[in-house]
Amino acid sequence: MDISSLIDSLHPLEVKVLSTFVSNPSAVLQTEQLAQSSGLEPSQLSMAVEWLLAKSLLAVDTEVVTPMVSLTKVGEQYVEKHSPIERVLAAAREAATTGKRLTIQDIQSREGLEPAEVSGAIGRLKKEGALLIIQGGCLESTGRPSPTAEAIRGLLQQVHEMPREMQTFSDAQRQIIQDHAVKRGNAKEPFRIDDRVARSLKLSAAGMEAAQQLSKQGVLEEVSQLTTELLKDGSWRTKRFRKYTISLRAPRIAPGKKHPYREFLDTVKTKLVSMGFQEMRGPLVETEFWNMDALFMPQFHPARDIHDVYFVKEPKQATSIAEPFLSRVAQAHQDGGATGSTGWNYPFDVARARRLVLRSQGTAVSAHTLAAQPAVPGKYFSIARCFRYDQVDATHATDFFQVEGIVLGEDINFRTLLGLLNLFAREVAQAKEVKFLPAYFPFTEPSVEMHVRHPKLGWMELGGAGLFRSEVTLPLGVTVPVIAWGLGLDRMAMVALGIHDIRELFTDNLDLIRSTKGAL
Amino acid sequence: MPTITIFKQDLEGLLAGPGEARQPMTLEQIEDSLMLVKGELKGQNPDTGELRIELQDSNRPDLWCCEGIARQIRVKRQGSLPKYGFLSTKPQSPKQLNVTPGLEKVRPFVAACTATGYRVTKDGLAQLIQTQEKLAEMFGRKRRTVSIGLYRLAAIEFPVTYDLVKPDEAAFTPLGMDTVMTLGEMLLVHPKGLEFGGILAGQDRLPFLCDAKGRALSFPPIINSREVGEVRVGDDALFVEVTGTDLSMVVLTLNIFAANLADRGAVIEPIEVRYPYKTDLGETVMTPQDLGRSRTLPVHTIEQALGQTLGVHEVAKALVAYGYEVTTEAEQVTVTLPLYRQDLMHAMDVVEDVAISRGYADFLPVMPSQFTVGGLSRIEDFSDRVRALMVGMGFQEIISNILGSPQDLRDAMRLEGTEWGQLVEVDNVMSLNFSALRQWMLPSLLRVEAASNRAFYPHRIFEAGEVARPDSAQALGSRTVMVLGGMIAHADAHFSEIHSCLDTLFYYVGQAYSLEPVQHPSFLAGRAGSILSEGKRVGVIGELHPEVLERWQISVPAVAFEIDLTQLAERP
């Protein structure tokens, strides 16, 4: 790293420390001197010094280790309440004047001392001849003084004021201090001996160069943030802006955005509108009439079973169904009516037609449109929520979107139907290869299933379509041919969104919704 | 749409015809040929030759078996369907089946024939049984309108009687049992009696088939006699009967069986059914019988529907190669369906068969050329604008099921017994989780919040979508309404935060609103408001009630609003 980029990378604290050397680059400074001239807090200073040492801009000149004595928390308590040895001795002396017997247990309970503290004190006093243990475990003062007890009192007072260098004490005192200093496994002692490291520091060759450079460019104050104040008074000119490590990972944000599946459907919607389709809508709750009868599904059709459609609990039936559609559709079912059909040849049940169901197919929306005097020529689509009586699993959802619609026109026939499907294949699935297979839907004849070669998925079924039967269109008042089409887009959506379970299209996992990218 | 199992070697044998050498087919060839029958190969086992095929057309029960599939392919290959001899040759003294008075009120119709000279093979028996089951189940509406019985002819003496007896008047050992039981007992204990007994509910006399010696054949539509009614591999003389409630369906079903057995090499002998009451086909009915009605249609109709000029000759050729009988005259064709079909309801049904017979690939796609203007509905357009605004305010869109549980939609929202808690509920509930339509959006948002406590905060989510609200003034008993729900959840979520969003939203959609305090159980009292616009309530806003959050096991505060987009969008 060259010297100027090295300087750019310095933290403001480091700059401060280096700057103290600017007037005398070869100075050797004590830590205290550095603290004074840099004006840094001890913790800041030690951080900055460590960083500079690590960067080899600073070097240690000398290092002096001085053992220092200070009081522990226990020691501070002893200053006020006396040490165990003093208290044991005082208790023994008091017992001698009153003539009472004093046991070890008495002292322990009266003074609230730990057994280890008591036994330690007694041992020391006995050795010094200040105490005797007589028969029955009683303590008796000999009246002789205890040098330790007296020395500890003195030392506690001396060290209590402020930590002192170990050297300033006599040998005897040092011995006592050492005996009563915290060591490993023995924390309840009054004294602590610490090493104080006094370092003197100087600049390395690189450090000198950096200091020189710093003094040359003048020390601009470094700031981390451009502020309104800096801009208003123009003082940004005298500041240096700390450089960032821009390779760090950016903090996360959660943007506002569309749901990825909804975005997919929006794209389909836009494509359909661009192809000239008008959107149509219908209710979630439908009559069996519009959901099935109008689509020429006989009332005994297996797909109208209680196991295929959700029925509404209350009310169970619609109050009315618009005429003349009801009568005409009923007639078409019974004997074909005026549709040129033989009909299904069974008695049509009007009560059944009025039964309420949850819309089970988007084609119900198309049926409403046919009955509402649609434009001819006309193109319509809906993206309708439908409900199917299915066990929910990875490939079956109980409610789902159906993309479907109709095309009306004098020029509609089997070949224009195939042409329209070709257009869907190209526009919606970006597929160039298309295969048409015969299919069956109760409401169309002829019927087609469209398979396309998707650029990513290979051959897949894209949708079904057909020409509405006359039994559907004529009772609803439409006399031109009508294409009915439906697209199965869920598989495409799932691949585009990278999911394998259809339930995940409606996932409740916000993390997943946030992190999924758009599709199509 | 039934899915059936057939065997490749059986299909190949039937394609060749009885006694002819079969030509092995590749799977691709089979899949190609299946276009003729709207079939799709769903699976296969190369070791056994087993093929699983789904047949789409619910109006073509003749195709739900190996014989029918083979026939349709064979006809196309040969260019026409050879006439079945048994339709034209009336036996001198036909075998008879007598119907007992009273059956017209129970199960009025029966059709029957015999089939001899075909030794039943393993594959053949499997098809007979599968066809019997699929036709009775799906075409015969679970045996209600049609059920089928197969018997060993050798054990039967004619005339056979289709009788009507009291439940304890007749007894035999049914299939699947080894003791003699009365018909009444069979209804009570036999598995088939339990499954299909409902068809005869309320009848004090029951259908019973027996032969001239009074020997039991079966108890239609429940179960056959074990003695006479169990066909085995190696049998070469069969008796087939069909009973039901719809004469043309009964005859069609027998026709299918007769054609199937004839295709396997059997000689079919018709049986004369004698009714004591009138039927559409008279009182004495020979079965099988061709019920095909001819239909005349101009070639122009077909060409117009297909968008292709073909000419009368090509149309006739295509139909004959699909099994029709066709006569032509100038610019029109008169067509009759083969005996195993009755699905010609409309001229368009003929049109599709022309297209299938020629192959869909034969028709060149043409783009519809007429100009139309595309566009969105007013509500969708409005909803899209609102969604864009929500996204702009930093909300993540979600999508949810509209079907939910009353527990989530009402109870967890503290709305039991309130106007806000009224739901459109499902009658035939499969799972409580999917038993009611959502009446508002907030439970959908809470569902996501409850599942997402690991997603980093703040959470700002919304959904625009449909809900259903009970409304007795509507013919449907409910209204579908598009609503918008928005919610913010994080440790310091506050009323004013969501209020700002609502305020911004109304500003940009160009409408005025005001808030009026409301006592809504889902929100904290004093921190909830009705959203009023042009004097109408169009929504609600507030801090979610802690008890609601607790019931959803959500441990951060949440604030939310919901507005009725349908009402706002309708304004000029």
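## Backbone exceptions in chain A

Gln430(A) is partly exposed, its relative accessible area being 41%. In this predicted model, the residue belongs to the loop that links α18 (414–429) to β14 (434–438) of chain A. Gln430(A) is not a glycine, yet its phi is positive, at about 50°. Most residues other than glycine have a negative phi, and most peptide bonds are trans.

Chain A also departs from the trans form at one proline: the peptide bond joining Glu445(A) and Pro446(A) is cis, with omega about -5°. Pro446(A) is part of a strand, β15 (residues 444–454) of chain A.

## Backbone exceptions in chain B

Gln553(B), likewise not a glycine, has a positive phi of about 55°. The loop that holds Gln553(B) runs between α15 (546–551) and β28 (558–564) of chain B. Gln553(B) counts as exposed because its relative accessibility is 70%, and exposed means over 50%.

A cis peptide bond leads from Tyr457(B) to Pro458(B), where omega is near 0°. Pro458(B) is placed in the loop between α13 (442–451) and β23 (459–470) of chain B.

## The interface of chains A and B

Together, chain A and chain B bury about 8000 Å², and 56% of this area is on carbon and sulfur atoms. Chain A supplies 95 residues to the contact and chain B supplies 86 residues.

Eight salt bridges are found across the interface of the two chains. A salt bridge joins Lys313(A) to Glu425(B), with 3.7 Å between the closest N and O atoms.

## The open sheet of chain A

In chain A, four strands make up an open sheet with antiparallel pairing, in the order β1-β6-β2-β5. Strands β1 (29–30) and β5 (164–165) of chain A are at the edges; each has a single partner strand, so one side of each has no neighbour in the sheet.

The partner of β1(A) in this order is β6 (residues 191–203) of chain A, and two bridges in the antiparallel sense pair these strands. Within this pairing, Leu201(A) in β6(A) is opposite Leu29(A).

## Strand β13 of chain A and its partners

Strand β13 (residues 399–408) of chain A is mostly covered, as nine of its ten residues are buried. Its pairing with strand β12 (residues 378–387) of chain A is antiparallel and spans ten bridges. One of the bridge partners is Leu408(A) in β13(A), which is matched with Gly378(A).

Strand β13(A) is also joined to strand β17 (residues 482–487) of chain A, by six bridges and again in an antiparallel arrangement. Here Ile406(A) has Ala484(A) in β17(A) as its bridge partner.

## Strand β13 of chain B and its partners

In chain B, strand β13 (residues 237–244) has eight of its eight residues buried, so the rest of the structure largely encloses this strand. In a regular strand the side chains alternate between the two faces of the sheet. In β13(B), both faces are covered: one side has the buried residues Ala237(B), Phe239(B), Glu241(B) and Thr243(B), and the other has Leu238(B), Val240(B), Val242(B) and Gly244(B), also buried.

Two antiparallel pairings involve this strand. Eight bridges link β13(B) with strand β5 (residues 109–116) of chain B, and in this pairing Glu241(B) is opposite Ala112(B). Seven bridges link β13(B) with strand β6 (residues 146–152) of chain B, where Phe239(B) is opposite Tyr151(B).

## A contact between distant parts of the chain A sequence

Asp8(A) is in helix α1 (residues 3–8) of chain A and is partly exposed, with 25% relative accessible area. Although Asp8(A) and Arg242(A) are 234 residues apart along the chain, their C-alpha atoms are separated by 7.7 Å. When neighbours within four places in sequence are left aside, Asp8(A) is in contact with Arg240(A) and Lys243(A).

## A nonpolar surface patch

Leu226(A), Leu231(A), Trp236(A) and Phe241(A) make a nonpolar patch of about 360 Å² on the surface. Of these residues, Phe241(A) is in strand β8 (residues 239–241) of chain A. Phe241(A) is partly exposed, at 31% relative accessible area; this value satisfies the patch criterion because residues need over 30% relative accessible area to be included.

Technical notes:
Residues numbered from 1 in each chain as written. Chains lettered and ligands numbered in written order. Predicted model: local features only at pLDDT ≥ 70, side-chain atom pairs only at ≥ 80, totals over all residues. Heavy atoms only, no water. Pairing = 2+ DSSP bridges. Patch = residues over 30% accessible without salt bridge, like charges linked within 9 Å, V, L, I, M, F, W, Y side chains within 5 Å. Areas by Shrake-Rupley, 256 points an atom, 1.4 Å probe, with all protein chains shown as cover. Salt bridge = Lys/Arg side-chain N within 4 Å of Asp/Glu carboxyl O. Buried < 20%, exposed > 50% of the residue type's maximum accessible area, 1.4 Å probe, protein only. Contact = heavy atoms within 4.5 Å. Buried area = accessible area lost by both parts, 1.4 Å probe.
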